[in-house]
Amino acid sequence: MQGVYKELAEYLVKAETEKYETQRVTADLKSDLTVEEGYLVQEEIVKMKLAEGRKIIGPKMGLTSRAKMTQMNVDEPIYGYVFDYMLIENGGTVHLSDLIHPKVEAEIAFVIGKDIEGPGITGAQVLAATDYVVPALEIIDSRYENFNFTLPDVVADNASTSRVVLGNSLKKPATMDLDLVGVTMSINGEIKELGAGAAVLGHPANSIAMLANMLAKKGDKIRKGDVILSGAITGAVMLADGDQVVGKFDGFQDVTFKVQA
Ligand code: OOG
Ligand code: MG
C-alpha cells in the first residue's frame, strides 16, 4: 500500500518541479483516496523534500476562512508544509516561469516560541506560546488543472503550497487583537480582496490551535521555531506578469512583491 502513496507523491512533485498542471489524483489515479490517505501522500512529499536537503519552515493551515472554503468548494480546514526554498523576501519578485498558475492570498503568520502539543489546545494557549505574529502573503499554486480539487486531492498536493512572503514587522501577539486586524490586498493600486483576522475561525490563533490538535492525532506537535501561516483571510487572486502586490495589515508595515514573467 505504501507504494501507492509514494507514487502519487512523485506524480505531484514532478508536476511542481516541471511546472505543469496535472489531473486530480481522485479523477484519474485513485478515485477512492480518503482525506487520511491524502495526508499519507503529503507525508511522502515531505520525506522527498527532506531527502533533497530542503528544510521545513513550519506547517501551515489552509481553508480556514469562509472566503476560501466557498471559493474552493471544500468545507474543512487542512494543513500542509512550507519549505525553505519557498520563501521570497519582502519586496522581492515572484517569477511566473517558476510556477504553474499562481494565486495570492493574505494571512497572519505565527512565530512559535514553545512546543505546542495537542489534543485540547485552545487559542489562548497558542497566544501564550507565540513569540511574534507577522503579516504574510502566500502564493498558492495548486498542481491541479484550474485549481479544481476535492479535499483528499488538495491535502495530497501539500495544500497547494508554493511561495511565501513574510512581512518585516514582528509584533508580540499580546499587544493587539488579531481578530480585529483589518487587511486589504491590492494589485496595481486596486483593492482586490479585504477582510479582518476574525475571518479565520473567529481568531487566527484558533487556527493554530486546530493545527496542534490535528497534528496530535498522528503523534506530532508544533515546534518551537516553527513559522506557521494561519490560513487566508481573503479569497485568492490570480497573478499576472507585471503585478505589484501589496498586503496592508492594520498595525503592521506592508508586505509586498512584484510579479515578472
Ligand atoms: C488550498 C490552499 C489553501 C489557505 O490559506 O486557505 C490555503 C487552495 O486554495 O488551493 O493555503
Ligand atoms: Mg494559504
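**Exercise 1. Find which residues coordinate the magnesium ion (ligand 2), and state how they are spaced in sequence.**

Solution. Begin with the donors, which are N, O and S atoms within 2.8 Å of the metal (3.2 Å for Na, K and Ca); water is not among the atoms, so sites may look incomplete. In this predicted model, the magnesium ion (ligand 2) is coordinated through OE atoms of Glu 105, Glu 107 and Glu 138, at 1.9 to 2.0 Å. Next, place these donor residues along the chain, where their spacing reads E-x1-E-x30-E. Finally, look at the cover over two of them: Glu 105 and Glu 107 are both buried, where buried means under 20% relative accessible area, exposed over 50%, and partly exposed in between, with a 1.4 Å probe and protein chains only.

A word on conventions belongs here. Residues are numbered from 1 along each chain as its sequence is written, while chains are lettered from A and ligands numbered from 1 in the order in which they are written. Because the model is predicted, local features need pLDDT of at least 70 and side-chain atom pairs count only at pLDDT 80 or more, whereas totals for chains, interfaces and linings use all residues; side-chain values use heavy atoms, with hydrogens and water left out.

**Exercise 2. Describe which residues come nearest to ligand 1, and which polar side-chain atoms lie by its oxygen atoms.**

Solution. First take the surroundings, counting a residue as near if one of its heavy atoms lies within 4 Å of the molecule. There are 17 residues around ligand 1, and those that come nearest are Leu 63, Lys 68, Glu 105, Ser 160 and Ala 232. Then turn to the polar contacts, a term for a pair of N or O atoms within 3.5 Å; within protein, one must be able to donate a hydrogen and the other to accept it, and residues adjacent in sequence count only if both atoms are side-chain atoms. An N or O atom in the side chain of Lys 68 is 2.7 Å from an oxygen atom of ligand 1. Glu 105, which also coordinates the magnesium ion (ligand 2), has a polar side-chain atom 2.8 Å from an oxygen atom of ligand 1. For Ser 160, a polar side-chain atom lies 2.6 Å from an oxygen atom of ligand 1. As a last step, consider the cover: ligand 1 taken alone exposes 320 Å², and the protein buries 100% of that, with areas from the Shrake-Rupley method and a 1.4 Å probe.

**Exercise 3. Determine which strands and helices each supply at least two residues of the shell around ligand 1, and which gives the most.**

Solution. Helices (H or I, at least four residues) and strands (E, at least two) are DSSP runs, numbered from the N terminus. On that basis, strand E1 (56-62), helix H4 (66-72), strand E5 (103-112) and strand E6 (130-140) each supply at least two residues of the shell. Among these elements, E1 gives the most, with three residues.

**Exercise 4. Compare the backbone and the cover of Asn 73 and Ser 160: which is buried and which is exposed?**

Solution. Start with the backbone angle of Asn 73, whose phi is near 60 degrees, a positive value in a residue other than glycine. Asn 73 belongs to the loop between H4 and strand E2 (78-83), and it counts as exposed because its relative accessibility is 70%. Continue with Ser 160, which has a positive phi of about 60 degrees although it is not a glycine. The loop between helix H6 (151-156) and strand E7 (161-166) holds Ser 160, and this residue counts as buried because its relative accessibility is 4%.

**Exercise 5. Locate the cis peptide bond that ends at Pro 119.**

Solution. The bond runs from Gly 118 to Pro 119, and it is cis, with omega near 5 degrees. Pro 119 itself is found in the loop between E5 and helix H5 (123-128).

**Exercise 6. Place Glu 37 in the structure, and say which side chain it contacts.**

Solution. Glu 37 is part of helix H3 (residues 35-51), and it is buried because its relative accessible area is 13%. The side chain of Glu 37 makes a polar contact of 2.6 Å with the side chain of Tyr 5. To finish, relate Glu 37 to Asp 153: the two are 116 residues apart in sequence and, from C-alpha to C-alpha, 9.7 Å apart in space.
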